[in-house]
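Student: I have a model open on my screen and would like to talk through how its parts fit together. Could you take my questions one by one?

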Amino acid sequence: MSQNQVQSTVKDALVELDKRHFIHPTSSLKQQQESGAPFIFTEGNGVYLTDISGKKVLEGMSSLWNVNVGYGRKELAEAAREQMEKLAFTNSFSSFSNEPAIRLAAKIAEITPGDLNAVFFTSGGSESNDTAYKLVRYYWKLKGFPQKTKIISRRKGYHGVNIGATSATGITPFQEMTSSLAPDFLHVDTFSTEDLKECIVREGAEKIAAFVAEPVQGAGGVNIAPDGYFQAVRKICDENNILFIADEVITGFGRTGKLFACEHYNVVPDVMLLAKGITSGYIQLGAVVLTERIHQELIALSDGVLLHGYTYSGHATACAVALKNIEIIEKENLVENSRLMGEELLKGFKKIQEEIDIVGEVRALGLIGAVEIIDPVTKKRFPTPISPKVSTEAAKRGLIVRTVVFEGMDTVVFSPPLVINKQEIEELLAILRESLLAVENSL
Ligand code: PLP
């Protein structure tokens, strides 16, 4: 058998096993059985991935908005290996601790804005959300307001898939998967401060623990707040004794051209949620960061045990990888690169928008962006979403993108690794343009 034949036999066998045994997350179970071979990626380098048949693709999404420092970083593998050889893991409950977790908590306190200063570690974004919802309710309870339990979040917001995070998520299909959600979650319009105020009046500020929002909504279609929105939110929360939780799971660690997206608005949240870019996806990790004030109040008021902790909270290897990942982001000026390459991306989107009629609004902030698809005749969305066709055409041409088709949206979204250079941005734009033209011509 030739090398190629061997490879295709291995691939066929893996595809068969995939269908039979691997339940893919957030995917159509039927489609997995009926469709052809999935991409089985075997290698990554910079902004590119290679699959088992040797096909190389440009990763326009950093996988799930998270591989910020790009693929194939040997420094991160080395950091994990060194830590694993010394001490892979030990738990952090009660009086136990470890050096990477301590150093990472201190580093996060140093780089996050304002007085954000104390860190609770999780294994990802959903856990960070559920942890935050419990911590803010615990905080109010200790302060003598046990009735302050409600969490307000926004429509089109995405906060993960644990029960609390699903309940906060404002994308209806995620909520409809099961018929029972956590109580005490309320949703308001994405950018309406009026709706937020009305909700507070209707429910009573004395019953509301926190408002949670992504500084830029990611999974809901890359929705960037208008000027003044988050400053107004901060004020409304302060006036009503409501804590503001910023879910920076996607936007943290340089994605938007600032280290944290809250910095665009000069707003410091009471609680910041992190995951994804904290390790660039090389290993699972998340964090909930509290301000000095909240941390001190919790210390002063709590006399029992904080009965919330994951086995892997403060995982030594994950924390060692995060420290090295943050060092790379700083050393290689990746936040500035995100800002500069983001400008190139947006310029390119605008050119495409001028040329191609099915392109509606385009937007980007740093290296997170979106291209909306519209019917050029009606100037409205097509009755059936077209963006999945764009993504299929792009994949054929060697570009991975995602689409958002919930809530009547028809949007192609982008979030390439922060190491992307100008030439690679041009390649991404060229493939996007060709894919859009191919779809437009097929309509
Ligand atoms: N919060 C936001 C803003 C996210 O985008 C995500 C995932 O995409 C989550 C939370 C959930 O994170 P995870 O998938 O790591 O649980």
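Student: Which residue of β10 is the bridge partner of Ala210?

Tutor: Happy to help, and keep in mind that this is a predicted model. Strand β7 (residues 208-213) and strand β10 (residues 243-247) run parallel and are joined by four bridges. In β10, the partner of Ala210 is Leu243.

Student: Which strands are the edge strands of the sheet?

Tutor: Seven strands form an open sheet with mixed pairing, in the order β4-β12-β11-β10-β7-β5-β6. An edge strand pairs on one side only. That description fits β4 (116-122) and β6 (185-188).

Student: At what angle does helix α11 run to β12?

Tutor: Let's begin with helix α5 (residues 99-111), which lies across β4 and β12 (286-291) and runs at about 135° to β4. Helix α11 (residues 292-301) also lies across β4 and β12. Its angle to β12 is about 85°.

Student: Are α9 and α10 roughly parallel or roughly antiparallel to each other?

Tutor: A pair of packed helices is described by the angle between their axes and the distance between them. Here the axes of α9 (residues 193-203) and α10 (residues 229-239) come within 10 Å and cross at roughly 15°. Angles under 35 degrees count as roughly parallel. The two helices are therefore roughly parallel.

Student: How do the residues of the contact of α9 with α10 divide into nonpolar, polar and charged?

Tutor: On the α9 side, the contact is made by Thr193, Leu196 and Lys197. Tyr229, Ala232, Val233 and Ile236 come from α10. The division is five nonpolar, one polar and one charged.

Student: Which helix gives the largest share of the shell around the ligand?

Tutor: Good one to look at on screen! The ligand is surrounded by 15 residues, and the closest are Gly124, Gly125, Ser126, Gly160 and Val249. By class, the shell has six nonpolar, seven polar and two charged residues. The largest share, three residues, comes from helix α6 (residues 125-142).

Student: In the hairpin of β13 and β14, which residue takes a positive phi?

Tutor: Strands β13 (residues 359-364) and β14 (residues 369-373) run antiparallel, with four bridges joining them. Ala364 stands opposite Gly369 in β14. The hairpin has four residues between its strands. The residue with a positive phi, near 60°, is Gly366.

Methods. Residues are numbered from 1 along each chain as its sequence is written. This is a predicted model: local features need pLDDT of at least 70, side-chain atom pairs count only at pLDDT 80 or more; totals for chains, interfaces and linings use all residues. Axes are lines fitted to C-alpha atoms, for helices over the stretch in contact, and angles run from 0 to 180 degrees between N-to-C directions. Angles under 35 degrees count as roughly parallel, over 145 as roughly antiparallel, 65 to 115 as roughly perpendicular and the rest as oblique. Two residues are in contact if their C-beta atoms, placed from the backbone, lie within 7 Å. Ala, Val, Leu, Ile, Met, Phe, Trp, Tyr, Cys and Pro count as nonpolar, Asp, Glu, Lys and Arg as charged, and the others, Gly among them, as polar. A residue is near a molecule or strand if its C-beta atom, placed from the backbone, lies within 6 Å of it. Two strands pair if DSSP finds at least two bridges between them.
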